[in-house]
Amino acid sequence: MAKSDFEARPAPTPARGRALTMGPARTFEPLREYGIYAVLAILVAGFSIVAPGFASLTNFILILLQVSVMGILSIGMLFVILSRGIDLSVGSILAIAGIFSGLIAQQNFAVLNATLAFGLPILIGLLCGLFNGALIAWFRLPPLIVTLGTMYAFRGFIVWYHVNPIYQLQGWYRVLGQEKIGPVPIPVIILLAMTAFAAMVLNRTRFGRYVYAIGGNEDAARASGINVKLVKLGVYTISGLYCGIAGLVFTSRLGAAQSISGMGFELVAIASVVVGGASLFGGRGSVGNTLVGALIMQVVQSGLVMLDVPSPIQQTTLGFIIIIAVGVDMYVQNRRGGGTLGGSIRDFLFGQ
């Protein structure tokens, strides 16, 4: 891709959310950047004391295995949120990718079957993300409205197309989600690979710098020569790519494909990004912190399960974690921007 596709003039390098803040909000910046590592350590230590068996190696590997799919979705969501967008369709895209992958995975092994079973969900994810991005970038529609619409449209299509679950997937297909390389489950290896790829894109490429710049100030990014439409198209396409991979891993691990897969995943993915310290208002966040945010959500859930806490209380606890994380984000955003909280919310919901 030619350099001119993205820019007409050199663009400023964004500060990746480390701009100076004034007053009490400045206190929250180091907490947002590094506090979540302490939170994760405290949670692990606390559950290790009160929940028998939590500190075992087997349980830690299980937590990593459980977080693999949500971690992949969350990292894809990070790209969108960094650009001051949102993607509510990720769970529905996961379901579409999983169903079409599962339909092929019922067949006996052949090079063509394996290629389609593993490659088609990734292609479907890319196309769904491209569709979202095109509506948002070229037609200037609000991301919340577009992805809310495609969340229902994609889900309705796949339920209509194949409402019944697909079982009896071939053994060669299950390897991806259920086997290990040494002591490490393959889904965890895929998660780490996708994490490394995202970190490289965001931290080492011009495209990554532009994503941060657009999330920080879209008008300034456009004035500096960044092709805002193309970058927005890119972030939603990347989100779709990660959804396709997550759908493949989820279906292989579950050993079945269902049209109801991924329902509610979009909210957990958004929560993981925000708990990881990224701003819902764009321009600030990192891949490593997002992965830690996903781990925090899973550690809390796993610990509460091992303590036999009722499911409604688990949901209440996770809900309060999300509220606290978003509250801190909105407080810091309001202090840094000097604007009103209501104005920030309107910008987030309906775009600039």
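Colleague: Which residue does Asp219 meet in a salt bridge?

Modeller: This is a predicted model, so take the geometry in that spirit. The N to O distance for the pair is 3.5 Å, which falls within the 4 Å cut-off for a salt bridge. The two residues sit three apart in helix 9, so about one helical turn separates them. The partner is Arg222.

Colleague: What else forms a salt bridge with Arg222, and how far apart are the closest N and O atoms?

Modeller: Look in helix 9 again, residues 218–223, where the other partner lies four residues from Arg222, about one turn of the helix. Arg222 itself is partly exposed, at 35% relative accessibility. The partner is Glu218, and the closest N and O atoms are 2.7 Å apart.

Colleague: Is Glu218 buried or exposed?

Modeller: Its relative accessible area is 9%. Buried means under 20%, so Glu218 counts as buried.

Colleague: Which lysine shares a salt bridge with Glu218?

Modeller: The side chains meet at 3.0 Å, N to O. This pair links distant parts of the chain, 14 residues apart, with Glu218 in helix 9 and its partner in helix 10 (residues 228–254). Both partners are buried. Salt bridges with shared partners join Glu218, Asp219, Arg222 and the lysine into one network. The lysine is Lys232.

Colleague: Elsewhere, which residues form the nonpolar surface patch, and what is their accessible area together?

Modeller: One member, Val50, belongs to helix 1 (residues 25–50). Val50 has a relative accessible area of 49%, so it is partly exposed. The patch consists of Ile49, Val50 and Leu307, with an accessible area together of about 290 Å².

Note on methods. Residues are numbered from 1 along each chain as its sequence is written. This is a predicted model: local features need pLDDT of at least 70, side-chain atom pairs count only at pLDDT 80 or more; totals for chains, interfaces and linings use all residues. Side-chain values use heavy atoms; hydrogens and water are left out. Patches are made of residues with over 30% relative accessible area and no salt bridge: like charges are joined within 9 Å, nonpolar side chains (Val, Leu, Ile, Met, Phe, Trp, Tyr) within 5 Å. Accessible areas come from the Shrake-Rupley method with a 1.4 Å probe; for residues, only the protein chains shown count as cover. Buried means under 20% relative accessible area, exposed over 50%, partly exposed in between (1.4 Å probe, protein chains only).
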